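Student: I am new to this structure and should like to understand the terms used to describe it. May I put some questions about how each term is justified?

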Amino acid sequence: MKVSATDMKNYFGKYLKKCEEEAIFITKNERIIAKLSHYEDPSDGYLMIKEGSAAYTYSGKRVTYEEFLKITEGNEERYEYIDGEVFLLSSPGMKHQIVLSNMARILLNWFNGKKCRVFAAPFDVTLINVEIENKNVVQPDLLISCDYNEQRNEKDRYTGIPALVVEILSPQTRSRDHTKKLNVYLEGGVSEYWVVDPKKQKVVQYYFVEKQMTEMISYEYQDIVKSIHFEGLEMSTADIFND
């Protein structure tokens, strides 16, 4: 969501509450100058591994990328590694899966016969923030890769950068998808990021150029979501949220 600096000043309490659901981008003269996002206290996670908490022996513990690989090696659970913290991903609900299958069908049909390919979770994507030499491992619900043939290692793991990623919100991941992952995808070189909200039947589209956000568009129910990176790719939110 974008708001002017004046509105932020006048209605700070309103937007402070709103940032629990999504990042608030503050603008001045139509240029983004700051971001207000929800803070997740690491002490809220405790001694167990659960959705949205650090997966280690005690709260606030951070691990290196190499330690993360050792922790998760051979483990059948799904994990993400963001800013030094390990997160266990729980099994998604039915609404989440209905939305995912709706979107996957549309994407598979559109990309059939094209160079780029559709992949769905579980699928590890490792993205690097070059400026701070930081690696993150995420599992987007859906992604479009145009470099999958060239970018894979000896273990048949993907090592490239998706052109478009889709995250479908759940109550446990709402804040992380709107804040932490937004930064991961922007700094990691992804071109386009869609955040899909089944509860509000809304899609927020972010477009990045040279690791700067240039577009943020919100689509409500019965709007047509149009990809910026892939010209001609579009889908109705009515089709996305169709039960």
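Student: In this predicted model, which residue of β10 is the bridge partner of L142?

Tutor: The bridge partner of L142 in β10 is V166.

Student: What makes β9 and β10 count as paired strands?

Tutor: Pairing requires at least two bridges between the strands. Over 3 bridges, β9 and β10 meet that requirement, and they pair in the antiparallel sense.

Student: How many bridges join β10 to β11, and in which sense do these strands run?

Tutor: Strand β11 (residues 192-197) is joined to β10 by 5 bridges, and the two run parallel. In β11, Y193 is the bridge partner of V165.

Student: Why is β10 called largely enclosed by the rest of the structure?

Tutor: Because 5 of the 5 residues of β10 are buried, the strand is largely enclosed. From β10, L164, V166 and I168 point one way, while V165 and E167 point the other way.

Student: How do you know whether E167 is buried or exposed?

Tutor: The term buried applies under 20% relative accessible area. E167 has a relative accessible area of 2%, so it is buried.

Student: What makes the approach of the E167 side chain to the side chain of K181 a polar contact?

Tutor: The cut-off for such a pair of N or O atoms is 3.5 Å. The contact between the side chains of E167 and K181 is at 2.8 Å. A polar contact of 2.6 Å also joins the side chain of E167 to that of Y185.

Student: Why is helix α6 described as mostly covered?

Tutor: Of the 9 residues in α6 (residues 180-188), 7 are buried. Among them are K181 and Y185. Just after α6, G189 takes a positive phi of about 100 degrees.

Student: How do you know that C116 and C146 form a disulfide?

Tutor: The sulfur atoms must lie within 2.5 Å. Those of C116 and C146 are 1.9 Å apart, and the pair therefore satisfies the rule. C116 lies in the loop between α4 (94-111) and β6 (117-120), and C146 in the loop between β9 (142-145) and β10 (164-168), so the disulfide ties together parts that are 30 residues apart in sequence.

Student: Why is this disulfide called right-handed?

Tutor: The torsion about the S-S bond of C116 and C146 is about 100 degrees, so the disulfide is right-handed.

Student: Why is C116 called buried, and C146 partly exposed?

Tutor: Buried means under 20%, and partly exposed runs from there to 50%. C116, at 12% relative accessibility, therefore counts as buried, whereas C146, with a relative accessible area of 21%, is partly exposed.

Conventions
Residues are numbered from 1 along each chain as its sequence is written. This is a predicted model: local features need pLDDT of at least 70, side-chain atom pairs count only at pLDDT 80 or more; totals for chains, interfaces and linings use all residues. Side-chain values use heavy atoms; hydrogens and water are left out. Helices (H or I, at least four residues) and strands (E, at least two) are DSSP runs, numbered from the N terminus. Buried means under 20% relative accessible area, exposed over 50%, partly exposed in between (1.4 Å probe, protein chains only). A polar contact is a pair of N or O atoms within 3.5 Å; within protein, one must be able to donate a hydrogen and the other to accept it, and residues adjacent in sequence count only if both atoms are side-chain atoms.
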